[in-house]
Amino acid sequence: MKYMIRREPQRLQLSVPALRVFLALLVSLSFVSRASAETFEQVSALRALEKRVKSVVAGCKPAFVFIKGDQGGGYSSGSGFCISPDGYVLTNDHVIAGARSVVAYMTGGRYFKAVVVGKDPGGDVALLKLEGKGKFPFVKLGDSQAVRPGQRVLALGDPFLTGSENVFVPGAPANFEPAVSMGIVSAVHRYSETYNDAIQVDLAVNRGNSGGPLITLDGKVVGINGKIETRFALGINTGVGYAVPSNQISRFMKHLEAAEGGAVLHGKIEGLEVGERADEKAGLPVVGVRPGSPAAASGFRVGDLLERLGGLPVRTRSRYKGVLGTYPAGDTVAAEILRAGEKLTLKAVLVAGGKAHLGLIPRAIESDVAGVGVGSVVRSSPAQRAGIKEGDIVTMFDGQPVTSTTELKRVMNQRRPGDTVVLKLSRAGEDLELKVTLGGK
């Protein structure tokens, strides 16, 4: 008889110290696995960011413009960018200020003569037009109001003219390739000298970058890089740069296009005086309204609380001035006020500050009609907008007869910017009556 011997399976016997080591090893392997996965995700995210940046730069670079202005005995240089297929270019006003002629070089070196269409010295913006046929590469203006602190942005420019003229290696040929830098938006709505509502950035922008585009990662231009804070009188980046926001530029575009080479002025609510701030209240107290002023005509009253201007909150006077600084004279801005617990929206017409301005050049006339002859009309002036033409004879200014240029100046000096007056004219033997809203100068 045979006997079957049954063997029990052997069990692994581990001591307590060995078991602890084994468990620690499992935990360690799990941690390494998770860390590897996180590292992979981080590397993938960085590669995706790099790919995105390269794509945006490649898409925007053809629209970049190197600008050189002949100052007569010297020249000014800077950056710019094309915003339309027919060759309209934006840059800073200080890049072309005083230039007798302007030449614009595209990426790669193709160049065109550029004419100044309009200037906004108060906002440091200029609009140029390339003289050339064909379809130009261009970029689109985005919504600067959507920009937030911490957002990544790019700058294209010609820092220290290294792309258009190598100042470090004299005689070296220019390659006309713009430089790119990347950083973040440090702050928005900054008020710095003529930059009323600037976007503050920490990316590298230096001399030569002026006029170049500030670009988001979706390829939209949200500003013009134009001003940097410096130390020790050195024009070198210290990590604080300012860009004119695209929404401000957009508000000025139609005025720049119609300026015919002239300047576009900024506007204000003439006759309105606001306090510093209202304690624990979201708004500014209206402390003064001049009778008969544009502010009074708009409906402002002493005691109103101005809460929003152009849809933006205004808690301080600097913010109030900053918002107003983004609008041209002649525009209308919505003012949201609180009056005796009731919310109201007023429409305020903005006018330029300074002395009242009509915008006509008088000339001597030989006529039986007593008045002031119009020799020419200033472009984009109140006189031109009202329909006054060369050859007209101004006979009365708001009910007062005017028979000489001295008399016309005297009655003009009694008025303020924003006042609406009635002019009586004689044109080719026909009597006319026109309403004119005076500007400022």
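**Two barrels, a shared helix and aromatic contacts**

Helix H3 (residues 246-257) lies across strand S3 (88-91), strand S5 (111-120) and strand S6 (125-130), and runs at about 100° to S5. The model described here is predicted.

The strands contacted in this way by H3 belong to a closed barrel of six strands, ordered S1-S2-S3-S6-S5-S4 and paired in the antiparallel sense. On average, neighbouring strands of this sheet are turned by 40° against each other, direction ignored. Within the barrel, seven bridges join strand S1 (residues 64-70) to strand S2 (residues 75-82) in an antiparallel pair. In this pair, Phe66 stands opposite Ser79 in S2.

Another barrel is closed by six strands in the order S7-S8-S9-S12-S11-S10, again with antiparallel pairing. Here the average turn between neighbouring strands is 45°, direction ignored. Strand S10 (residues 213-216) pairs with strand S11 (residues 221-228) in the antiparallel sense over three bridges, and Pro213 stands opposite Ile224 in S11. Helix H3 packs on this sheet as well, touching strand S9 (195-201), S11 and strand S12 (241-245). The direction of H3 makes about 40° with that of S12.

Aromatic contacts were examined next. The count comes to five aromatic pairs. The ring centres of Phe64 and Phe66 are 4.9 Å apart and the ring planes stand at 85°, so this pair is edge-to-face. Phe64 is buried, with a relative accessible area of 0%, and Phe66 is likewise buried, at 2% relative accessibility. A further pair is formed by Phe112 and Phe136, whose ring centres are 5.1 Å apart; the planes stand at 80°, so the arrangement is edge-to-face. Because Phe112 lies in strand S5 and Phe136 in the loop between S6 and strand S7 (152-157), the pair ties together parts that are 24 residues apart in sequence. Phe112 has a relative accessible area of 12% and is therefore buried, the limit being under 20%. Phe136 is also buried, with a relative accessible area of 2%. Ring pairs also link Phe64 and Phe66 with Tyr105, Tyr111 and Phe176 into a cluster.

Lysine side chains are placed over tyrosine rings at two sites described here. Lys68 lies over the face of Tyr75, at 4.4 Å from the ring centre. For Lys129, which lies over the face of Tyr88, the corresponding distance is 5.6 Å.

Definitions and conventions. Residues numbered from 1 in each chain as written. Predicted model: local features only at pLDDT ≥ 70, side-chain atom pairs only at ≥ 80, totals over all residues. Heavy atoms only, no water. Pairing = 2+ DSSP bridges. Helix = DSSP H or I, 4+ residues; strand = E, 2+ residues; numbered from the N terminus. Axes fitted to C-alpha atoms, helices over the stretch in contact; angles between N-to-C directions. Contact = heavy atoms within 4.5 Å. Phe/Tyr/Trp six-rings, centres within 6.5 Å; stacked < 30°, edge-to-face > 60°. Buried < 20%, exposed > 50% of the residue type's maximum accessible area, 1.4 Å probe, protein only. Lys NZ or Arg CZ within 6 Å of the ring centre and 35° of its normal.
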